[in-house]
Amino acid sequence: MGASLAVSLDAALRDVRALSLAAGGDPLRLQLPPDGIDDATIEPAAAAVLGSLYLLSELEQVGVVPCAELLANERWGLGIQDPAAAGQLEAYAASVPRWPRAPMREQLFARLFGTPVEPDAVPGRPSIAAAPLGNEAFEELLAGYCDAIATFDPHGLPRTRGGLRLAGDRLRANLSPRQYGNTLIVAKPLVEQLRSSLDLLALQGVGDLFHVSGTWAVVRAMQPSGSVDIGRHLDRGQSGRTVVSSVGYPSVPDLVDGTLTQAADVWLTATGFAAQPVGR
């Protein structure tokens, strides 16, 4: 995997481990929402994990984990000639049962960030496919927050400060109720699953199956031509991770630094938006 993505995933793993340690006497972190219905707050550590989960949701749409899972399922018929790659593929397959499966990942990312999910209803069996699980408002709120950050002028009119604060508060209020339940519990195995998937797809022995080299070349080879824009999802995931993590702090001008501004601008560009000029 690329150095930038590796750094992001290392940081994500540190975030989920830090949150686990912060849980103290609640090792499973089975958190319940606070008594106050309007308490739209997110701890900085929890916001960092939500940011990491957003990165994972974008890489799920690229197909990283599904590609690795498919290789593991079909490993007996692949004819891999590299013994090291064959051994790592077997080790990956042995880990699959303890990792979240595709339907669970899809439902989680839909509930958090409104990512698409295909219901797999079975006739005659109970189903909650009709339940309103998706967070349809998330992307619009994230876009508004990114625009407020990217166009913020510390020397501008007071209304720009108010706009930044309002956009951040709206996104925070949207994500706050979604930090509870199993959301933060499942973050660690999801990060580990993704890292292992990327490592597997990067093996030259795996690339040789498709006459290519490198993780993204393997992902492209395993999907219909032109079906996924890997660069777009990577840009959205890595920049969105930075922006979402920032909602753990009040949306005040002092927090708008170069890193956050650049992340907001990259996310807007990758999503197809253009930040409005300052002073609009």
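V218 is a good place to start: setting aside neighbours within four places in sequence, V218 touches L201, V206, G207, F210 and V212, where contact means heavy atoms within 4.5 Å. Residues are numbered from 1 along each chain as its sequence is written, and side-chain values use heavy atoms, with hydrogens and water left out. The model is predicted, so local features need pLDDT of at least 70 and side-chain atom pairs count only at pLDDT 80 or more, while totals for chains, interfaces and linings use all residues.

**Around V218 and C67**

V218 belongs to helix α10. Helices here are DSSP runs (H or I, at least four residues), as strands are (E, at least two), and they are numbered from the N terminus. With 0% relative accessibility, V218 counts as buried; buried means under 20% relative accessible area, exposed over 50%, and partly exposed in between (1.4 Å probe, protein chains only). From V218 to D208 the C-alpha distance is 9.2 Å, with their positions 10 residues apart in sequence.

C67 sits in helix α3. Its relative accessibility is 6%, so C67 counts as buried. Beyond neighbours within four places in sequence, C67 is in contact with L201, V219, M222 and Q223. The C-alpha atoms of C67 and A221 are 10.0 Å apart, although 154 residues separate the two along the chain.

**The chain as a whole**

The protein chain has 12 helices and zero strands. Of its 280 residues, 43% are buried. Taking contacts between residues at least 6 apart in sequence, 79% join residues at least 24 apart.

**Three helices side by side**

For the table, the expected span of a helix is 1.5 Å times one less than its number of residues.

| Helix | Residues in helix | First to last C-alpha | Expected span |
|---|---|---|---|
| α4 (83-95) | 13 residues | 19 Å | 18 Å |
| α5 (102-113) | 12 residues | 16 Å | 16 Å |
| α7 (158-175) | 18 residues | 26 Å | 26 Å |

In α4, the buried residues are A85, L89, Y92, A93 and S95. Seen down the axis of α4, these buried residues fall within an arc of 160°, so they line one face of the helix; the arc is that of the directions from the helix axis to the C-beta atoms. P83, A84 and A94 are exposed on the other side of α4. The partners that the buried residues of α4 pack against are α3 (64-73), α8 and α9 (204-207).

In α7, the buried residues are L164, A167, G168, L171, R172, N174 and L175. They cover an arc of only 165° around the axis, which puts them on the same side of α7. On the other side of α7, P158 and R159 are exposed. The buried residues of α7 pack against α2, α5, α6 and α11 (230-245).

α5 has R105, L108, F109, A110, L112 and F113 as buried residues. These buried residues of α5 pack against α2, α3, α6 (138-150), α7 and α8. After α5 comes G114, whose phi is positive, near 75°.

**A loop residue with positive phi**

H211 has a phi near 60°, a positive value in a residue other than glycine. H211 is found in the loop between α9 and α10 (215-221). Its relative accessibility is 74%, so H211 counts as exposed.

**The cavities**

Rolling a probe the size of a water molecule over the atoms shows where empty space is left. On a 1 Å grid over the protein atoms alone, a cavity is a set of points where a 1.4 Å probe fits but cannot get out, and lining residues have an atom within 4 Å of a point. Grid points are joined across faces, edges and corners, and a volume is the space filled by probe spheres set on the points.

The structure has two cavities of 30 Å³ or more. The largest cavity holds about 50 Å³ of space. Its lining is made up of L56, E60, V65, R105, F109, L190, Q193 and L194. α2 (44-62), α5 and α8 (187-201) each supply at least two residues of this lining, and α8 gives the most, with three residues.

Terms used:
1 Å grid on protein atoms, 1.4 Å probe; cavity = no way out; pocket = protein on both sides within 12 Å on 5 of 7 lines; lining within 4 Å.
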